[in-house]
Amino acid sequence: MAALSACHMMFFLAFARKKGLTVTAYEDEAEGVMSPDENGKLFLSIFTLRPRLTTDGEADPAVIAECHALAHDECYIAHSIRGDVRIEPR
């Protein structure tokens with residue numbers, strides 16, 4: 001969970017900066033759900049990231065949503081896991 005959250009944050013901050021956003025605070029209330037696989041072994045089946053951020057000045061919600069989408073598309077951790085990754089900005 002921590003690696004996925006950090007990866008998403010890293011890419012989000014990079015895209016936000018390119019879009020001219022100054023992020024002054026970023027926190028994530030990440031949560032995971034464990035489920036049994038076909039052999040009865042538990043694995044993380046759902047990863048939910050709930051990032052909350054503060055920007056310097058007013059930020060367009062559409063730009064923030066775009067940065068989250070881009071971050072998710074580029075996050076190599078998200079591409080390396082078999083569970084469902086959900087991004088629910090707050």
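The largest nonpolar core of this predicted model has 18 residues, and L4, F11, F12, C67 and C75 touch the most other members. A nonpolar core is here a set of buried Ala, Val, Leu, Ile, Met, Phe, Trp, Tyr and Cys residues joined through side-chain atoms within 4.5 Å. Buried means under 20% relative accessible area, exposed means over 50%, and partly exposed lies in between, with a 1.4 Å probe and protein chains only. Two or more residues of this core come from each of α1 (2-18), β3 (42-49) and α2 (61-74). Helix α1 gives the largest share, 6 residues. Helices (H or I, at least four residues) and strands (E, at least two) are DSSP runs, numbered from the N terminus.

Leaving aside residues up to four places away in sequence, F12 touches V23, Y26, L53, I64, C67, H68 and A71. A contact means heavy atoms within 4.5 Å.

V85 sits in strand β5 and is buried, at 14% relative accessibility. Beyond residues up to four places away in sequence, V85 touches L4, F47, H72 and A78. V85 and H72 are 13 residues apart in sequence, and their C-alpha atoms are 8.7 Å apart in space.

This is a predicted model in which local features need pLDDT of at least 70 and side-chain atom pairs count only at pLDDT 80 or more, while totals for chains, interfaces and linings use all residues. Residues are numbered from 1 along each chain as its sequence is written, and side-chain values use heavy atoms, with hydrogens and water left out.

**Salt bridges**

Side chains of opposite charge can pair when their charged atoms come close. A salt bridge is counted when a side-chain nitrogen of Lys or Arg lies within 4 Å of a carboxyl oxygen of Asp or Glu. The structure holds 7 salt bridges, including the three pairs in the table.

| Pair | N to O distance |
|---|---|
| K19 and E66 | 3.0 Å |
| R50 and E88 | 3.1 Å |
| R86 and D84 | 2.7 Å |

The side chains of K19 and E66 meet in a salt bridge. This pair links distant parts of the chain, with K19 in the loop between α1 and β1 (23-28) and E66 in helix α2, 47 residues apart. K19 is partly exposed, at 40% relative accessible area, and E66 is also partly exposed, at 36%.

R50 forms a salt bridge with E88. Here too, distant parts of the chain are linked: R50 lies in the loop between β3 and β4 (51-55), E88 lies in the segment after β5 (84-87), and the two are 38 residues apart. R50 is buried because its relative accessible area is 14%, which is under the 20% limit. E88 counts as partly exposed, at 35% relative accessibility.

The third pair in the table is R86 and D84. R86 is partly exposed at 36% relative accessibility, and D84 is partly exposed with a relative accessible area of 36%. Elsewhere, E27, E29 and R52 are joined into one network by salt bridges that share partners.

**Strands β2 and β3 and the surface patch**

Strand β2 (residues 31-36) pairs with β3 in the antiparallel sense over 6 bridges. Two strands pair if DSSP finds at least two bridges between them. One of the bridges joins P36 to L42 in β3. The hairpin of β2 and β3 has 5 residues between the strands, and G40 in this hairpin takes a positive phi near 85°.

L42 also belongs to a nonpolar surface patch with M34 and L44, and together they have about 290 Å² of accessible area. Patches are made of residues with over 30% relative accessible area and no salt bridge, with like charges joined within 9 Å and nonpolar side chains (Val, Leu, Ile, Met, Phe, Trp, Tyr) within 5 Å. L44 is found in strand β3 and is partly exposed, with a relative accessible area of 31%.

**The chain as a whole**

The chain has 2 helices and 5 strands, in the order α-β-β-β-β-α-β from the N terminus. Its C-alpha atoms fill a box of roughly 50 × 20 × 20 Å along the principal axes. Of the 90 residues, 31% count as buried. Among contacts between residues at least 6 apart in sequence, 65% join residues at least 24 apart. The accessible surface of the chain comes to about 5,500 Å², and 52% of this belongs to carbon and sulfur atoms. Accessible areas come from the Shrake-Rupley method with a 1.4 Å probe, and for residues only the protein chains shown count as cover.
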